[in-house]
Amino acid sequence: MAQKGLGAGFNSSPAADGVWINLKDAGAIAFLCYLAGAAGDTYTLQEAKDSGGTGAQNLAVITEYHTNTGNASDAWTRRTQAAAATVVTAAAATQNAMVVEVMGTSLSDTYKFVKLTSTGAGTVNALTHDLMTQRAAANLPSMGV
(Lines give C-alpha, C1' and ligand atoms only; values in the text may rest on other atoms or scores of the structure.)
Protein backbone atom coordinates (compact mmCIF):
# COMPACT_ATOMS: atom_id res chain seq x y z
CA MET A 1 0.00 0.00 0.00
CA ALA A 2 1.35 3.43 -0.93
CA GLN A 3 2.09 5.87 1.85
CA LYS A 4 -0.26 8.84 1.99
CA GLY A 5 0.92 12.44 1.49
CA LEU A 6 1.20 13.41 5.17
CA GLY A 7 4.54 11.93 6.16
CA ALA A 8 5.65 10.89 2.69
CA GLY A 9 5.48 14.19 0.88
CA PHE A 10 4.71 16.87 3.43
CA ASN A 11 4.15 17.89 7.04
CA SER A 12 1.73 20.62 8.11
CA SER A 13 1.05 23.06 10.91
CA PRO A 14 -2.37 24.64 10.20
CA ALA A 15 -2.15 27.34 12.91
CA ALA A 16 1.27 28.74 12.02
CA ASP A 17 0.73 32.50 11.98
CA GLY A 18 3.85 33.89 13.68
CA VAL A 19 5.10 30.41 14.66
CA TRP A 20 8.75 29.38 14.18
CA ILE A 21 8.95 26.32 11.89
CA ASN A 22 12.08 24.15 11.72
CA LEU A 23 13.30 23.35 8.20
CA LYS A 24 16.03 20.89 9.23
CA ASP A 25 14.02 17.90 7.92
CA ALA A 26 12.57 19.57 4.81
CA GLY A 27 13.87 21.08 1.61
CA ALA A 28 11.25 23.81 1.47
CA ILE A 29 8.18 25.33 3.07
CA ALA A 30 4.96 26.66 1.57
CA PHE A 31 2.89 29.11 3.56
CA LEU A 32 -0.81 28.90 2.66
CA CYS A 33 -2.56 32.08 3.78
CA TYR A 34 -6.18 33.18 3.78
CA LEU A 35 -8.13 36.27 4.77
CA ALA A 36 -11.77 36.48 3.64
CA GLY A 37 -13.70 39.59 2.72
CA ALA A 38 -11.33 41.16 0.19
CA ALA A 39 -9.58 42.91 3.08
CA GLY A 40 -5.96 42.57 1.94
CA ASP A 41 -3.12 41.74 4.31
CA THR A 42 0.62 42.06 4.82
CA TYR A 43 2.67 38.93 5.57
CA THR A 44 6.26 39.19 6.86
CA LEU A 45 8.86 36.42 6.54
CA GLN A 46 11.59 36.04 9.15
CA GLU A 47 14.37 33.55 9.93
CA ALA A 48 15.96 32.55 13.25
CA LYS A 49 18.57 30.15 14.59
CA ASP A 50 16.19 28.34 16.98
CA SER A 51 12.56 28.08 18.07
CA GLY A 52 13.09 30.86 20.61
CA GLY A 53 13.80 33.33 17.81
CA THR A 54 17.53 33.76 18.46
CA GLY A 55 19.00 36.12 15.87
CA ALA A 56 15.58 36.76 14.31
CA GLN A 57 15.76 38.86 11.19
CA ASN A 58 13.70 39.56 8.12
CA LEU A 59 14.39 37.16 5.24
CA ALA A 60 14.16 39.19 2.03
CA VAL A 61 13.88 36.35 -0.49
CA ILE A 62 10.27 36.55 -1.67
CA THR A 63 10.22 37.29 -5.39
CA GLU A 64 7.14 35.27 -6.34
CA TYR A 65 3.83 34.32 -4.78
CA HIS A 66 0.40 33.16 -5.99
CA THR A 67 -3.10 34.42 -5.18
CA ASN A 68 -6.73 33.43 -5.78
CA THR A 69 -10.12 33.64 -4.07
CA GLY A 70 -9.48 30.55 -1.96
CA ASN A 71 -12.86 28.95 -2.66
CA ALA A 72 -11.79 26.73 -5.60
CA SER A 73 -13.62 28.92 -8.13
CA ASP A 74 -10.53 30.27 -9.90
CA ALA A 75 -6.97 29.38 -10.87
CA TRP A 76 -3.88 30.69 -9.11
CA THR A 77 -2.41 33.96 -10.38
CA ARG A 78 1.39 34.21 -10.28
CA ARG A 79 2.66 37.54 -8.94
CA THR A 80 6.24 38.79 -8.85
CA GLN A 81 8.06 41.48 -6.91
CA ALA A 82 11.61 42.62 -6.13
CA ALA A 83 13.14 40.44 -3.40
CA ALA A 84 11.47 41.36 -0.10
CA ALA A 85 10.56 39.95 3.30
CA THR A 86 6.92 40.94 2.87
CA VAL A 87 3.97 40.10 0.66
CA VAL A 88 1.12 42.57 0.48
CA THR A 89 -2.16 41.21 -0.84
CA ALA A 90 -4.64 43.66 -2.35
CA ALA A 91 -8.09 44.34 -0.94
CA ALA A 92 -9.69 42.23 -3.67
CA ALA A 93 -11.51 38.89 -3.52
CA THR A 94 -9.07 37.48 -6.08
CA GLN A 95 -6.32 37.88 -3.45
CA ASN A 96 -8.11 36.40 -0.42
CA ALA A 97 -5.78 33.37 -0.63
CA MET A 98 -2.01 33.61 -1.01
CA VAL A 99 0.76 31.01 -1.22
CA VAL A 100 4.47 31.77 -0.90
CA GLU A 101 7.22 29.16 -0.96
CA VAL A 102 10.68 29.39 0.59
CA MET A 103 13.53 27.01 -0.18
CA GLY A 104 15.58 25.83 2.79
CA THR A 105 18.72 26.89 0.93
CA SER A 106 17.47 30.51 1.07
CA LEU A 107 18.12 30.74 4.80
CA SER A 108 21.31 32.36 6.10
CA ASP A 109 24.10 30.11 7.40
CA THR A 110 23.28 28.63 10.85
CA TYR A 111 19.60 29.63 10.49
CA LYS A 112 17.07 26.75 10.48
CA PHE A 113 13.73 28.31 11.47
CA VAL A 114 11.29 30.49 9.52
CA LYS A 115 7.98 32.11 10.30
CA LEU A 116 5.41 34.09 8.35
CA THR A 117 3.33 36.57 10.30
CA SER A 118 0.06 38.22 9.22
CA THR A 119 -0.35 41.83 10.28
CA GLY A 120 -4.11 41.46 9.86
CA ALA A 121 -6.40 38.60 10.75
CA GLY A 122 -5.15 36.26 8.01
CA THR A 123 -4.61 32.58 8.73
CA VAL A 124 -1.26 30.95 7.94
CA ASN A 125 -0.76 27.22 7.35
CA ALA A 126 2.86 26.05 7.15
CA LEU A 127 3.43 23.09 4.85
CA THR A 128 6.96 21.67 4.78
CA HIS A 129 7.75 19.52 1.77
CA ASP A 130 10.62 17.65 0.12
CA LEU A 131 10.98 15.79 3.42
CA MET A 132 14.43 14.31 4.08
CA THR A 133 12.93 11.22 5.75
CA GLN A 134 9.53 9.81 4.90
CA ARG A 135 7.59 8.22 7.73
CA ALA A 136 4.10 7.50 8.97
CA ALA A 137 2.22 10.64 9.97
CA ALA A 138 2.23 9.62 13.66
CA ASN A 139 6.05 9.49 13.55
CA LEU A 140 6.66 12.92 12.02
CA PRO A 141 8.77 15.20 14.23
CA SER A 142 7.28 18.33 15.70
CA MET A 143 7.72 21.20 13.24
CA GLY A 144 8.46 23.75 15.96
CA VAL A 145 11.50 22.21 17.68
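Modeller: Helices (H or I, at least four residues) and strands (E, at least two) are DSSP runs, numbered here from the N terminus. The model is a predicted one, in which local features need pLDDT of at least 70 and side-chain atom pairs count only at pLDDT 80 or more, while totals for chains, interfaces and linings use all residues. Residues are numbered from 1 along each chain as its sequence is written, and side-chain values use heavy atoms, with hydrogens and water left out.

Colleague: In which strand does Ser-13 lie, and is Ser-13 buried or exposed?

Modeller: Ser-13 belongs to strand 1. Apart from neighbours within four places in sequence, Ser-13 is in contact (heavy atoms within 4.5 Å) with Ile-21, Val-124, Asn-125, Ala-126 and Met-143. On the scale used here, buried means under 20% relative accessible area and exposed over 50%, with partly exposed in between (1.4 Å probe, protein chains only). At a relative accessible area of 19%, Ser-13 in strand 1 counts as buried.

Colleague: Which strands stand at the edges of the open sheet of six strands?

Modeller: Two strands are taken to pair if DSSP finds at least two bridges between them, and by that test the sheet has the order 1-11-3-9-6-7, with antiparallel pairing. Each edge strand has a single partner, so one of its sides is left without a neighbour in the sheet; the two in question are strand 1 (10-13) and strand 7 (77-84).

Colleague: Over how many bridges do strand 3 and strand 9 pair?

Modeller: Strand 3 covers residues 26-34 and strand 9 residues 97-103, and the sense of their pairing is antiparallel. One of the partnerships is that of Tyr-34 with Ala-97 in strand 9. The number of bridges between strand 3 and strand 9 is seven.

Colleague: Which residue forms a salt bridge with Arg-78?

Modeller: A salt bridge requires a side-chain nitrogen of Lys or Arg within 4 Å of a carboxyl oxygen of Asp or Glu, and a search of the whole structure finds one. Its closest N and O atoms are 2.4 Å apart, and the pair ties together strand 7 and strand 6 (residues 62-68), so that parts 14 residues apart in sequence are linked. Arg-78 is exposed at a relative accessible area of 54%, whereas its partner is partly exposed at 33%. That partner is Glu-64.

Colleague: How many residues of strand 4 are buried?

Modeller: Strand 4 runs antiparallel to strand 10, with six bridges, and Gln-46 stands opposite Lys-115 there. Four bridges join strand 4 to strand 8 (residues 86-89), again in the antiparallel sense, with Val-88 as the bridge partner of Thr-42. Strand 4 is mostly covered, and the count of its buried residues is six of eight.

Colleague: How many residues are in the largest nonpolar core?

Modeller: Such a core is a set of buried Ala, Val, Leu, Ile, Met, Phe, Trp, Tyr and Cys residues joined through side-chain atoms within 4.5 Å. Ile-29, Phe-31, Leu-45, Met-98, Val-114 and Leu-116 touch the most other members. Beyond four places in sequence, Leu-116 touches residues including Phe-31, Leu-45 and Met-98. The number of residues in the largest core is 23.
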